[in-house]
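Here's a quick tour of the empty spaces in a protein and of the ligand that goes with it. Take a look at the sequence and the structure first, then read on.

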Amino acid sequence: MTIYQNLIAGEWTGADAVENINPSDTKEVVGLYASGSAADTRNAIAAAKAAFPAWSRSGIWERHVILKKAGDEIMARKDELGALLAREEGKTLPEAIGETIRASQIFEFFAGEALRLAGEVVPSVRPNIGVEITREPLGVIGIITPWNFPIAIPAWKIAPALCYGNTIVFKPAELVPGCSWAIVDILNRAGLPKGVLNLVMGKGSIVGQTMLDSPDLAGITFTGSVGTGKRVAVSSIEHNRKIQLEMGGKNPMVVLDDADLSVAVEAAANSAFFSTGQRCTASSRLIVTEGIHDRFVAAMTEKLKTLNVDHALKTGTHIGPVVDERQLKTDTDYIEIGKKEGAKLAFGGELISRDTPGFYLQPTLFTEATNQMRISREEIFGPVASVIRVKDYDEALAVANDTPFGLSSGIATTSLKHATHFKRNAEAGMVMVNLPTAGVDFHVPFGGRKGSSYGSREQGKYAAEFFTTVKTAYTLA
Ligand code: ADP
């Protein structure tokens with residue numbers, strides 16, 4: 001089998017490889033991907049540092065053309081890349097193709113942004129002096145990504161980093177190197193100069209840790225677990241480095257008595273179970289007021305009966321497998337914890353077998369949960385959600401906000417008063433009214449508060465905040 005290698009200083013390199021396994025069919029090896037060493041990582045950082053002076057001064061048309069070419073190729077290959085994504089991560093083919101299209105759109109967006117770079121010219125408070133405010137590239141950016149969005153998250157970090165003139169050392173998650181390799185290959189062929197984008201696949205404890213220990217990374221943008229995010233933060237203080245962290249969520253979805261029941265059920269089922277619940281914006285706390293509670297639980301249970309859990313590439317699959325054995329164990333451990341804590345298992349909870357050996361778990365719904373239970377406080381990252389019964393809107397809002405996280409927060413209601421109040425008072429970076437907590441646009445800010453995020457927002461023009469540094473220049477007229 002061919003080894004998909006690392007890209008360091010414009011050369012494909014690496015003989016040590018690991019198997020990329022399909023979670024829908026663990027007999028299938030998706031490909032062999034290089035596993036980089038600490039030395040590879042240091043070489044990649046050195047290459048990115050050497051490439052920075054020229055790339056940081058590159059013309060905006062050159063950046064535009066490369067980003068546009070990448071976006072166009074991803075779109076042209078959406079079915080093939082979508083299938084690769086579904087095979088390595090396990091989300092369904094339509095979800096995977098949708099994510100691939102999103103990655104293409106992100107490159108198109110930042111291709112446009114490259115042509116719109118601008119600063120400000122303002123008068124000084126002193127006479128005969130002019131002031132210019134400009135944004136300059138930050139330097140070498142370390143990009144560390146998780147496994148749950150194998151193409152969109154790399155895209156939304158790589159595209160702005162390049163657009164604003166930075167060079168990159170990119171380390172994707174061990175479980176899903178395929179899509180990352182594909183976009184690096186596409187960008188490399190699109191004409192990026194050597195060393196501007198370096199790919200080092202491999203272990204977090206080796207490649208990732210070497211990045212954290214380097215004094216030469218001016219910034220690290222990270223998406224992953226709270227534990228690793230904290231390591232990124234601590235190491236970055238040491239090196240006076242800018243960071244952008246996207247970590248966990250325990251997102252609430254409030255359902256009020258006046259909600260349209262079918263809208264609420266669609267939004268809740270999507271939020272909790274689509275993409276196998278493996279989204280940081282997934283909702284795992286369904287906070288439901290008394291008057292609609294029983295009808296909501298009955299309708300959710302009926303809805304869950306209609307969702308097929310099966311091979312990600314099979315037509316008609318609604319929910320693919322869990323990503324790997326370790327995550328499956330986490331999910332089933334939490335199901336046991338929920339039962340022991342006294343929540344009632346209303347649906348699912350069992351492993352299922354299909355034609356191919358894979359990590360198949362039924363969508364699982366608890367009822368009679370309280371917000372103090374571990375299943376309500378800790379991120380599970382699987383197809384497991386709990387219904388928490390509350391008296392009224394005020395209690396619903398209080399419970400929704402009573403969490404260490406603050407990424408996305410949803411409400412199902414037909415009341416303008418409650419929707420408006422909720423938008424204003426939900427302690428989250430993103431608020432959804434009559435929509436799932438997950439599923440966001442690519443041209444507007446993405447990010448959260450409290451334990452979910454640290455640093456400035458990702459995506460859209462707000463991305464400039466992280467990927468640039470501001471300069472204020474004064475000139476005597
Ligand atoms: P998850 O538990 O969802 O895999 P992680 O935070 O462990 O979340 O992984 C997110 C990314 O962080 C992955 O690319 C992983 O390899 C990387 N990572 C893990 N450990 C470290 C570390 N010590 N230093 C830097 N990166 C790491």
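Sorted by class, the residues lining the largest cavity come out as five nonpolar, five polar and three charged. Bear in mind that what you're looking at is a predicted model. Below, we start with the cavities, then move to the largest pocket and the ligand.

**The cavities**

- How many cavities of 30 Å³ or more does the structure hold? There are three of them.
- The largest cavity offers about 90 Å³ of space.
- Its lining is made up of 13 residues, and the ones nearest the centre of this largest cavity are Gly277, Ala282, Ser284, Glu379 and Phe381.
- Next comes the second largest cavity, with a volume of about 60 Å³.
- Here 14 residues do the lining, with Pro252, Ala400, Gly406, Ser408 and Glu427 nearest the centre of the second largest cavity.
- Strand 13 (251-255), helix 13 (393-401) and strand 18 (408-412) are the elements that each give two or more residues to that lining.
- By class, the second largest cavity is lined by five nonpolar, six polar and three charged residues.

**The largest pocket**

- If you want to find the largest pocket, look for the ligand: the space it takes up is that pocket.
- The largest pocket holds about 950 Å³ of space.
- Around it are 33 lining residues, and Trp147, Gly224, Ser225, Thr228 and Arg326 are the closest to the pocket's centre.
- Which elements give two or more residues to this lining? They are helix 7, strand 11, helix 8 and helix 11 (325-341).
- Helix 7 makes the largest contribution to the lining of the largest pocket, with five residues.
- The class split for the pocket lining is 13 nonpolar, 13 polar and seven charged residues.

**The shell around the ligand**

- The ligand has 18 residues around it, and those that come nearest are Thr145, Lys171, Glu174, Ser225 and Thr228.
- At least two shell residues apiece come from helix 7 (204-213), strand 11 (219-223) and helix 8 (226-238).
- Helix 7 again has the largest share, this time four residues of the shell around the ligand.
- In terms of class, the shell has six nonpolar, eight polar and four charged residues.

**Polar atoms at the ligand**

- Thr145 uses its backbone here: one of its backbone N or O atoms is 2.8 Å from an oxygen atom of the ligand.
- With Gln209, the side chain is the part to look at, as one of its N or O atoms lies 3.0 Å from a nitrogen atom of the ligand.
- For Trp147, an N or O atom of the side chain sits 3.5 Å from an oxygen atom of the ligand.
- How much of the ligand does the protein bury? On its own the ligand exposes 550 Å², and 82% of that is buried by the protein.

Technical notes:
Residues are numbered from 1 along each chain as its sequence is written. This is a predicted model: local features need pLDDT of at least 70, side-chain atom pairs count only at pLDDT 80 or more; totals for chains, interfaces and linings use all residues. Side-chain values use heavy atoms; hydrogens and water are left out. A residue is near a molecule or strand if one of its heavy atoms lies within 4 Å of it. A polar contact is a pair of N or O atoms within 3.5 Å; within protein, one must be able to donate a hydrogen and the other to accept it, and residues adjacent in sequence count only if both atoms are side-chain atoms. Accessible areas come from the Shrake-Rupley method with a 1.4 Å probe; for residues, only the protein chains shown count as cover. On a 1 Å grid over the protein atoms alone, a cavity is a set of points where a 1.4 Å probe fits but cannot get out, and a pocket is an open set with protein on both sides within 12 Å along at least five of seven lines; lining residues have an atom within 4 Å of a point. A molecule sits in a cavity or pocket if more than half of its atoms lie within 2 Å of its grid points. Ala, Val, Leu, Ile, Met, Phe, Trp, Tyr, Cys and Pro count as nonpolar, Asp, Glu, Lys and Arg as charged, and the others, Gly among them, as polar. Grid points are joined across faces, edges and corners, and a volume is the space filled by probe spheres set on the points.
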